[in-house]
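Me: I would like to go through some assignments in this model and check each against its definition. Please give the value, the cut-off and the conclusion.

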Amino acid sequence: MAAQKDLWDAIVIGAGIQGCFTAYHLAKHRKRVLLLEQFFLPHSRGSSHGQSRIIRKAYLEDFYTQMMHECYQIWAQLEHEAGTQLHRQTGLLLLGMKENQELKTIQATLSRQRVEHQCLSSEELKQRFPNIRLTRGEVGLLDNSGGVLYAYKALRALQDAVRQLGGIVHDGEKVVEINPGLLVKVKTTTRSYQAKSLVITAGPWTNELLRPLGIELPLQTLRINVCYWRERVPGSYGVSQAFPCFLWLGLYPHHLYGLPAGEYPGLMKVSYHHGNHADPEERDCPTARADIRDVQIVSSFVRDHFPDLKPEPAVMESCMYTNTPDEHFILDRHPKYDNIVIGAGFSGHGFKLAPVVGKILYELSMKLTPSYDLAPFRISRFPSLGKAHL
């Protein structure tokens, strides 16, 4: 039995961006919180590392755009507390054919949610962005609120904030056993703890922790190749030239996205929003690097649409996505143990939404009424997860 001093209000497993924001909200509300991370920080094994992410309000679904209003406020608050820039507004340019249904739906969502945006014809696009080649007469939709989040700086600032607020962060400590009950007991490679509530934000390792608790979520782990492409003329696609982030819709089964050159001088990040099945334990093995079909897709895309980039990647990194079948998150309590809360399946678009996700997970763990309608995020939306799975 762990000593009384080891009784926590909440333990959070996983110190990626979602776990850190959960711990941040708990600590802000003066809860005794322990944040556990299996790897030594900082690390690049999960989904939250790297220099940059896109931030935007442009979404198909109203509920994400609504959540993003508050996310921007919390990001700004963290930036103020940290005293360092975590975000740069560049605009987000969505490109696709005029008849593209996704483009139409996003434009309707932005209008309903009163987000400042502009619709750009092919001619207007050519004038404003002459170094983008439109091959099919594409049109544009500019979400003025879009921009770049400095991911690594944000994660580090958040971990510092958790500590400053009185939260405890233990890295290099893998959870090996969870015993549910009125108090949840958590055993790690180092020692045991107990808490009134447990929040699991373990990314690709979520099901490994949940299986012994009688549930397996429909999560698919993908290894994503993140590619950087060299500018033929330095600065052509740089933030200093007011070049925006972009999402290109309708060319391939999944989006292509890009961020202006910045994190690596003279290199622009352009990648495919999909990857290859991967075991998170083996993502750094040489065999895991063999499948580069997605890189070939991006290479041909860059050659066709970005004439001022060299069409072979100068730098390749990797990242893990943990996808749900519908690419919406899972934010819910365990069906059997209501003091175990799960945040999972962020499907490659969770980073920007982490401030509100963390708030929701804090609310669920403290049995408070959630600030948002959680119907799109409940486990019960997957009919295959019936009682038989518990």
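Me: Why is Cys-20 called buried?
Reply: Cys-20 has 0% relative accessibility. Buried means under 20% relative accessible area, exposed over 50% and partly exposed in between, with a 1.4 Å probe and protein chains only. Cys-20 therefore counts as buried. The model is a predicted one, where local features need pLDDT of at least 70 and side-chain atom pairs count only at pLDDT 80 or more, while totals for chains, interfaces and linings use all residues. Residues are numbered from 1 along each chain as its sequence is written, and side-chain values use heavy atoms, with hydrogens and water left out.

Me: How do you know whether Cys-20 is in a disulfide or in none?
Reply: A disulfide is a pair of cysteine sulfur atoms within 2.5 Å. By this rule the count is zero disulfides. For Cys-20, the nearest cysteine sulfur belongs to Cys-319 and is 15 Å away, so Cys-20 is in no disulfide.

Me: What about Cys-319: how far is its sulfur from the closest cysteine sulfur?
Reply: The closest cysteine sulfur is that of Cys-227, at 12 Å, which is too far for a bond. Cys-319 has 9% relative accessibility and so counts as buried.

Me: What makes Asp-62 and Arg-112 a salt bridge?
Reply: A salt bridge is a side-chain nitrogen of Lys or Arg within 4 Å of a carboxyl oxygen of Asp or Glu. The N to O distance between the side chains of Asp-62 and Arg-112 is 2.7 Å, so the pair qualifies. Asp-62 is in helix H2 and Arg-112 in helix H3 (residues 101-112), 50 residues apart, and the pair links distant parts of the chain. Helices (H or I, at least four residues) and strands (E, at least two) are DSSP runs, numbered from the N terminus. The count by the salt-bridge rule comes to 11.

Me: Which salt bridge joins the loop between S18 and S19 to the segment after H8, and why does it tie together separate parts?
Reply: Asp-326 and Arg-381 meet in a salt bridge at 2.7 Å, N to O. Asp-326 lies in the loop between strand S18 (309-323) and strand S19 (330-333), and Arg-381 lies in the segment after H8, so the pair ties together parts that are 55 residues apart in sequence. Asp-326 is partly exposed at a relative accessible area of 31%, and Arg-381 is partly exposed at 21% relative accessibility.

Me: How are Arg-163 and Asp-160 placed in helix H5?
Reply: The two are three residues apart in H5, which means that about one helical turn separates them. Their side chains meet in a salt bridge of 3.6 Å, N to O. Arg-163 is partly exposed at 41% relative accessibility, and Asp-160 is partly exposed with a relative accessible area of 37%.

Me: How do you know that the length of H2 agrees with what a helix should span?
Reply: The expected span is 1.5 Å times one less than the number of residues. H2 has 21 residues (62-82), so the expected span is 30 Å, and its end C-alpha atoms are 30 Å apart, which agrees. H2 nevertheless has a kink of about 25 degrees centred on His-69. The bend at a residue is the angle between axes fitted to the seven residues ending there and the seven starting there.

Me: What makes a set of residues a nonpolar core, and which residues have the most contacts inside the largest one?
Reply: A nonpolar core is a set of buried Ala, Val, Leu, Ile, Met, Phe, Trp, Tyr and Cys residues joined through side-chain atoms within 4.5 Å. The largest has 49 residues, and Phe-21, Trp-75 and Leu-353 have the most contacts inside it. H2 gives this core its largest share, eight residues.

Me: What is unusual about the phi of Arg-114?
Reply: Most residues other than glycine have a negative phi. Arg-114 is not a glycine, yet has a positive phi of about 55 degrees. Arg-114 sits in the loop between H3 and strand S6 (117-120), and at 78% relative accessibility counts as exposed.
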